[in-house]
Amino acid sequence: MDQKTYDAGMKMRRQVAGNEYVDKAMANVDDFNRDFQRIVTQYCWGEAWGDDTLPPREREIVILRTGFLCKSGYEWTQHVGIGKREGLSDDELGRIKKGAEAGWSASDAALIRASDELHKDQFITEATWKARGDDSTQQQDRYVVYTPGD
């Protein structure tokens, strides 16, 4: 185990999911799920999800829209609190369910549209990429694709 990456992952996991959630998960570690918890903490939180290339608020828009489209009550419920901590308002959380035409900025609407396209076709159109605007980097756009799949 890479202790440095694990520690960074645990810090990010607590920051995003909250101490109560992480403490509960870690309190239930046993021989069956010990390796899974280590992998989630070290690799997912410490390497993949722990990267702020895609700003946290944008990451949550993508995750919440995907969770909604997939009818994942767990994912939606878990990420509503995270989304609020990352700056999403109650109004924005409600609009995530309504889609890209629900009064979003062009960039946020493009994130919702990208999530819709990935869900429906496993492909994001050139028009949606362009709508992300000049402020979006290629690396950030890649994370739009990777984030809901993690």
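Helices here are DSSP runs of H or I with at least four residues, numbered from the N terminus. With that convention in hand, Phe32 can be placed in the loop between α2 (19-27) and α3 (34-48). The structure described here is a predicted model, and the paragraphs below move from the whole chain to a helix pair and then to individual loop residues.

The protein chain contains nine helices and zero strands, so that reading along the sequence gives the pattern α-α-α-α-α-α-α-α-α, in the terms of the DSSP runs. Confidence in the prediction can be summarised briefly: the mean pLDDT of the protein chain is 89, and 99% of its residues reach 70 or more. Among the elements of the chain, helix α6 (residues 90-98) carries the highest mean pLDDT, at 97, while helix α9 (residues 138-149) carries the lowest, at 79. Where pLDDT is low, predicted coordinates should not be read in detail.

The overall dimensions come next. Along its principal axes, the C-alpha trace of the protein chain spans about 45 × 30 × 25 Å. The radius of gyration of the protein chain is 16 Å, which agrees with the value near 15 Å that a compact globule of 150 residues would have. Of the 150 residues in the protein chain, 41% are buried. Sequence-distant pairs are also well represented in the contacts: among those with a separation of 6 or more, 60% join residues 24 or more positions apart.

One helix pair deserves a closer look. Helix α1 (residues 3-17) packs with helix α5 (residues 73-85) at an angle of about 95°, and their axes lie 8 Å apart. Because angles of 65 to 115 degrees count as roughly perpendicular, α1 is roughly perpendicular to α5. On the α1 side, the contact is made by Gln15, Val16 and Ala17; on the α5 side, Gln78, Ile82 and Arg85 take part. By character, the residues of this contact divide into three nonpolar, two polar and one charged.

The loops offer several residues for inspection. Phe32, in the loop between α2 and α3, has a relative accessibility of 79% and therefore counts as exposed, the cut-off being over 50%. The C-alpha atoms of Phe32 and Trp49 are separated by 24 Å, with these positions 17 residues apart along the chain counted as their sequence distance.

Ser136 belongs to the loop between α8 (126-131) and α9. With a relative accessible area of 15%, Ser136 falls under the 20% cut-off and so is buried. Ser136 and Leu54 are 82 residues apart in sequence, yet their C-alpha atoms are 9.0 Å apart in space.

Two further loop residues can be described together through their backbone. Lys71 has a phi near 55°, a positive value in a residue other than glycine, and Gln122 likewise has a positive phi near 55° without being glycine. Lys71 sits in the loop between α4 (56-69) and α5, whereas Gln122 is placed in the loop between α7 (106-121) and α8. Lys71 counts as exposed at 74% relative accessibility, and Gln122 is exposed as well, with a relative accessible area of 60%.

Notes. Residues are numbered from 1 along each chain as its sequence is written. This is a predicted model: local features need pLDDT of at least 70, side-chain atom pairs count only at pLDDT 80 or more; totals for chains, interfaces and linings use all residues. Side-chain values use heavy atoms; hydrogens and water are left out. Axes are lines fitted to C-alpha atoms, for helices over the stretch in contact, and angles run from 0 to 180 degrees between N-to-C directions. Helices (H or I, at least four residues) and strands (E, at least two) are DSSP runs, numbered from the N terminus. Angles under 35 degrees count as roughly parallel, over 145 as roughly antiparallel, 65 to 115 as roughly perpendicular and the rest as oblique. Contact means heavy atoms within 4.5 Å. Ala, Val, Leu, Ile, Met, Phe, Trp, Tyr, Cys and Pro count as nonpolar, Asp, Glu, Lys and Arg as charged, and the others, Gly among them, as polar. pLDDT is the predictor's confidence in each residue, from 0 to 100. The radius of gyration is taken over C-alpha atoms; the globule rule is 2.2 Å times the number of residues to the power 0.38. Buried means under 20% relative accessible area, exposed over 50%, partly exposed in between (1.4 Å probe, protein chains only).
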